[in-house]
Amino acid sequence: MSQLSTKHLLGIKNLTLDDVQLILDTASSFKEVINRPIKKVPSLRDITIANVFFENSTRTKLSFELAEKRLSADVVNFSSSSSSVKKGESLVDTVNNILSMKVDMVVMRHSSPGAPHFLSRNVKANIINAGDGTHEHPTQALLDAFSIKEKLGEIAGKKIAIIGDILHSRVALSNIFCLKMLGAEVMVCGPITLIPKYIASLGVKVELDVKKALEWCDVANVLRIQLERQQIKYFPSLREYSLYYGINKRLLQQLNKEIVIMHPGPINRGVELNSDVADSEHSIILNQVENGVAVRMAVLYLLAGQKS
Ligand code: CP
């Protein structure tokens, strides 16, 4: 198979196993390209891409922009905080005005779950979801899968624990869909108040004890506590969260095995992850960021071939 089954990347839920494997295989080729002295290829010359961000981002925004430039696309960046959205312009009007300037593809981050899905039904362009509220973050899950495969050789049969604020995490949901599709066993772990009730119906194990989760897993994907999305108190204090769920070197030393530590970033150092783990030989956090460029190049390249 050399084509995706879809013209948009809205979520992992909307992809087939063939789609995911095609993206990961294509990303391997682009990883080789971006490690050459000349990192640029002409694949998307004459394609114009708008990065439309209604929410803050460091990794995803820069990584998409680099991916676009390394594919020779023309790039425009939109940030809602300095735009006419502040004067009341709607999402569809905003994007349709950007598309009038002969833009072909839109990469969008939005705080509302489903915003990219809504947009895909109302505008004529390829839409790529760069994170929609608490719903999905498909390119993060793809780069996480790519990084696990790169580190461990394969994903099928591996035990992956996703630890932390599962309730507010789009990374958790996209990772669950992606890793289960690729044959991994998946566990979620965190305080019961941060674990959605529906989660077991997705075929994942649920564990409240972080030590047991670490003993079980080959890979721990540690998530940020998303205070900005929490309207009520889900645990007494950050100090207490850190005491019961924070991952530090002492916890890892108690295991009779080596595990891989991941985090999508940004890290709350000293809350969900201590620096003695985040910066240790167990961590592949910066490899995840590096791989994000190759994975996003693959997504853009494949979707650009799906214009009709
Ligand atoms: N992982 C991630 O989405 O990071 P940013 O919010 O910085 O893009």
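## Polar contacts of the ligand

In this predicted model, an N or O atom in the side chain of H137 is placed 2.9 Å from an oxygen atom of the ligand. The backbone also takes part: an N or O atom of the T58 main chain lies 2.8 Å from a ligand oxygen atom, while a backbone N or O atom of G265 is 3.3 Å from a nitrogen atom of the ligand. Taken alone, the ligand would expose 250 Å², and 91% of that area is buried by the protein.

## The surrounding shell

The residues that surround the ligand are S57, T58, R59, T60, R109, H137, Q140, P264 and G265, so H137, T58 and G265, whose atoms were described above, belong to a shell that domain 1 and domain 2 both supply with residues. By residue class, this shell consists of six polar residues, two charged residues and one nonpolar residue. The space that the ligand takes up is the largest pocket of the model.

## Domain arrangement

Two domains make up the division of the chain: domain 1, which covers 12–136 together with 290–304, and domain 2, which covers 138–288. The C-alpha centres of domain 1 and domain 2 are 25 Å apart, and the two domains meet through 31 residues of domain 1 that are in contact with 28 residues of domain 2.

The position of the ligand can be read against this division: because domain 1 and domain 2 both give residues to the shell around the ligand, the ligand lies between them.

Methods: Residues are numbered from 1 along each chain as its sequence is written. This is a predicted model: local features need pLDDT of at least 70, side-chain atom pairs count only at pLDDT 80 or more; totals for chains, interfaces and linings use all residues. Side-chain values use heavy atoms; hydrogens and water are left out. A residue is near a molecule or strand if one of its heavy atoms lies within 4 Å of it. A polar contact is a pair of N or O atoms within 3.5 Å; within protein, one must be able to donate a hydrogen and the other to accept it, and residues adjacent in sequence count only if both atoms are side-chain atoms. Accessible areas come from the Shrake-Rupley method with a 1.4 Å probe; for residues, only the protein chains shown count as cover. On a 1 Å grid over the protein atoms alone, a cavity is a set of points where a 1.4 Å probe fits but cannot get out, and a pocket is an open set with protein on both sides within 12 Å along at least five of seven lines; lining residues have an atom within 4 Å of a point. A molecule sits in a cavity or pocket if more than half of its atoms lie within 2 Å of its grid points. Ala, Val, Leu, Ile, Met, Phe, Trp, Tyr, Cys and Pro count as nonpolar, Asp, Glu, Lys and Arg as charged, and the others, Gly among them, as polar. Domain bounds come from an automatic or database domain assignment. Contact means heavy atoms within 4.5 Å.
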